[in-house]
Every structure is written in structure tokens, then in C-alpha cells.
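Me: I'd like a close look at one part of this model, please: which residues have the most contacts inside the largest nonpolar core? Do set the scene around that part too.

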Amino acid sequence: LETFRSGDGGYTEKTDSDNGSVYAAFLVNQCYQDCLQPLPDPEALIRSIENLKSADGGYANLPGMEYGTTTVTAAATVLQQHLRPSDAHPGAGNWLSQQDCLGGGFRATPITPIPDLLSTSTAVFALKLLGKPLIDLNSSREFVKSLWQDSGGFCANLLDESCDCEYTFYGLLEIG
């Protein structure tokens, strides 16, 4: 795993990279947890994550981005909460809350017009972890249920007509 450590102290999907990504950091942290091993140099990882803060206050997988994404911000929040549970993370929680759509669900970015299941389930999970109340949990739950198909699976968004196992996982995560 350490061969994927980036120059900034985070983790990346490829070796010899200067900048880490939140996704790679999240996966590596999960691997260390599953192997019951401590994460080497967690402070360097936290600094790497902070370098991925976007101009709008969310997090992105590349430094210097104008907009954060809901899934990356949720993963950054979960990582920070795990690595530094005593620190409050109100900025990320507030940013995530702002991605809540009026009709239910969460959008992927501040400029995305419709909500999707992946963004909704990861945002709800991160907000619950932070102890931050949701604006309207019932409307998010109804949005997720609207993506539940007769086959038992879930679709990605209201425009998608086919369900798959990944989105079924996210649907069950949000409902649970």
C-alpha cells in the first residue's frame, strides 16, 4: 500500500504521483483497518486531504478545483472523522448539507441539476457520522425509494432505467 503514497503524504491510484486523492486515501485507510494495522503517518494524510479542498469549501480529487463533489467531500469527512475524531468538521458538513435538493436527494456538485443515489447515500452517511441533522430526511428517503425497482435493485437517478448491484448497495446504505 505504501508504494501508492504520494509526494504530499496522501495516497494515489498510481505510483510516483505528487498529489494524493481522497478516493485512494479512503481505500487505503479501509485496507489498513481491515488488516487491523495502524495507518502510517496519518497527519501527512490529513494534510494531503486538506490540499484537496476546493474553492467552494467542498473537496475534490485534484488540487485547485473550483467545485467540490459530494462523494469526495463525504469520503474526506469520513476519513477526517476517523483520523481526528476530536476535531469538528463543520465546513464539510455545511457544504454537504447545501447539496440537498428540494425534492429530495443530494446532487453530485453545486452545479449538477438533479440528485443521484450515490451522492445521496454518501452525503447522508457522512452527515449522520458528523451528527449533523438533515434538512429533510424523509424527502431523501422518498427520493431513494423512487429509484427502487420491482426487481429489487436501485437505479442511479431519475433518468436511469436500469439498476445494478453498485447502486443497490448505495440504496440499501441510505435506507439503513
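Reply: Happy to! Let's start with charge: the protein carries 22 negative and 10 positive side chains, and the centres of these two sets are 7 Å apart. Lys and Arg are the positive ones, Asp and Glu the negative ones, with His and the chain ends not counted; each charge is placed at NZ of Lys, CZ of Arg, CG of Asp or CD of Glu. Please keep in mind that this is a predicted model, where local features need pLDDT of at least 70, side-chain atom pairs need 80 or more, and totals for chains, interfaces and linings use all residues. Numbering runs from 1 along each chain as its sequence is written, and side-chain values use heavy atoms, without hydrogens or water.

Now the core. Tyr11, Val22, Leu39, Leu45, Ile49 and Tyr59 have the most contacts inside the largest nonpolar core, a set of 18 residues. Such a core joins buried Ala, Val, Leu, Ile, Met, Phe, Trp, Tyr and Cys through side-chain atoms within 4.5 Å, with buried meaning under 20% relative accessible area for a 1.4 Å probe, protein chains only. At least two core residues come from each of helix H1 (22-34), helix H2 (42-50) and helix H3 (70-83).

Around that part, the pattern along the sequence is α-α-α-α-β-β-α-α-α, giving seven helices and two strands; these are DSSP runs numbered from the N terminus, H or I of at least four residues for helices and E of at least two for strands. Of the 176 residues, 48% are buried. Finally, the C-alpha atoms fill a box of roughly 45 × 30 × 25 Å along the principal axes.

Methods. Buried < 20%, exposed > 50% of the residue type's maximum accessible area, 1.4 Å probe, protein only.
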